[in-house]
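Please find below a few numbered notes on the structure. They are meant to be read with the sequence and the model side by side.

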Amino acid sequence: MQVADKGRDVRGTVILAAVCLVLQLAVAPNVALGNGHANFAMIFSACVALQTGGSRGVVAGFLAGLVFDLSATSPVGLMAFCLTVSSFVLGIEQRNRMAGDLASSMAHFCASALAVSLVYHLAMLLVGQGGSLIDVIVFRTLPTAFLTIVFFVPFAYYYSRVRATGAGIGGPGTLTRGSGHGGTHFTRRGL
């Protein structure tokens with residue numbers, strides 16, 4: 001029997017949002033590769049979308065993108081649109097892809113990070129905040145995607161290994177009750 005702890009999910013999302021907001025405002029502007037900076041708003045929206053999907057992932061993507069747009073010099077709504085679409089695509093199956101499947105989560109995130117970075121920087125070129133197409137692709141899109149992927153690795157590891165095997169009702173490493181021919185017995189699952 002698995003029991004959903006909605007309070008734990010909400011607390012985890014709020015803590016993740018606070019951590020990513022602090023990292024976006026304090027770390028991202030100071031760590032650069034070329035003209036690219038890590039996008040912690042994308043990391044937040046992808047973590048939520050890969051964990052829960054559905055409407056929660058889309059709303060998280062929109063709000064994270066809006067916060068990103070308000071803290072940057074980009075047109076308001078550009079990153080919100082990109083992250084909303086990205087979260088929809090990442091969370092389309094409405095299941096926890098992060099639980100125990102690090103390779104799949106990373107592959108989906110890498111493709112999404114590259115696509116969001118490319119669309120965002122191409123749109124910035126169209127509004128006059130980019131030098132040339134080569135500058136946008138080589139010095140902005142690729143470094144931004146690379147840094148975002150590098151900073152996503154600890155989050156992906158945490159949600160695929162640590163949190164998936166953490167103490168929870170019905171989780172791995174807990175006692176489960178079964179009944180057999182000899183009556184009720186308890187077995188240790190996941191160890």
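1. The nonpolar patch on the surface draws at least two residues from each of helix 5 (102–126) and helix 6. Of these elements, helix 6 gives the most, with six residues. The model is predicted, so the side chains discussed here are as modelled. The members of the patch are Leu-114, Leu-118, Leu-122, Leu-133, Ile-134, Ile-137, Val-138, Phe-139 and Leu-142. Together they have about 740 Å² of accessible area.

2. Leu-142 is one of the patch residues and is found in helix 6. Its relative accessible area is 45%, so Leu-142 is classed as partly exposed, since exposed would require over 50%.

3. The count of salt bridges comes to one. The partners are Asp-135 and Arg-140, and their closest N and O atoms are 2.9 Å apart. Is Asp-135 buried or exposed? Asp-135 has a relative accessible area of 12%, which is under the 20% limit, and therefore it is buried.

4. For the chain as a whole, there are six helices and four strands. Their order from the N terminus on is α-β-β-α-α-α-α-α-β-β. The protein chain has 191 residues, and buried residues make up 38% of them.

5. Four aromatic pairs turn up in a search of the whole structure. In one of them, Phe-40 and Phe-151, the ring centres are 5.2 Å apart and the planes stand at 55 degrees, so this pair is tilted. Phe-40 lies in helix 2 (residues 40–51), while Phe-151 lies in helix 6 (residues 133–162); the pair therefore ties together parts that are 111 residues apart in sequence.

6. The two rings of that pair belong to residues with separate accessibility classes. Phe-40 is buried, at a relative accessible area of 1%. Phe-151, at 25% relative accessibility, counts as partly exposed because this value falls between the 20% and 50% limits.

7. Another aromatic pair is formed by Tyr-158 and Tyr-159. Here the centres are 5.0 Å apart and the angle between the planes is 80 degrees, which makes the pair edge-to-face because the angle is over 60. Tyr-158 is partly exposed, with 39% relative accessibility, whereas Tyr-159 is buried, with a relative accessible area of 7%.

8. The second largest pocket holds about 460 Å³ of space. It is lined by 22 residues, and those closest to its centre are His-37, Phe-68, Ala-72, Tyr-120 and His-121. Which elements each supply at least two residues of this lining? They are helix 1 (6–26), strand 2 (36–37), helix 3 (54–71), helix 5 and helix 6. Helix 5 gives the most to the lining, with five residues.

9. Helix 5 and helix 6 thus come up on two counts: each supplies at least two residues of the nonpolar patch, and each supplies at least two residues of the lining of the second largest pocket.

10. A last point concerns two glycines. Gly-57 is found in helix 3 and is buried, with a relative accessible area of 0%. Gly-57 and Gly-91 are separated by 34 residues in sequence, but their C-alpha atoms are 6.4 Å apart in space.

Conventions
Residues are numbered from 1 along each chain as its sequence is written. This is a predicted model: local features need pLDDT of at least 70, side-chain atom pairs count only at pLDDT 80 or more; totals for chains, interfaces and linings use all residues. Side-chain values use heavy atoms; hydrogens and water are left out. Rings of Phe, Tyr and Trp (its six-membered ring) pair if their centres lie within 6.5 Å; planes under 30 degrees apart count as stacked, over 60 as edge-to-face and the rest as tilted. Buried means under 20% relative accessible area, exposed over 50%, partly exposed in between (1.4 Å probe, protein chains only). Patches are made of residues with over 30% relative accessible area and no salt bridge: like charges are joined within 9 Å, nonpolar side chains (Val, Leu, Ile, Met, Phe, Trp, Tyr) within 5 Å. Accessible areas come from the Shrake-Rupley method with a 1.4 Å probe; for residues, only the protein chains shown count as cover. A salt bridge is a side-chain nitrogen of Lys or Arg within 4 Å of a carboxyl oxygen of Asp or Glu. On a 1 Å grid over the protein atoms alone, a cavity is a set of points where a 1.4 Å probe fits but cannot get out, and a pocket is an open set with protein on both sides within 12 Å along at least five of seven lines; lining residues have an atom within 4 Å of a point. Grid points are joined across faces, edges and corners, and a volume is the space filled by probe spheres set on the points.
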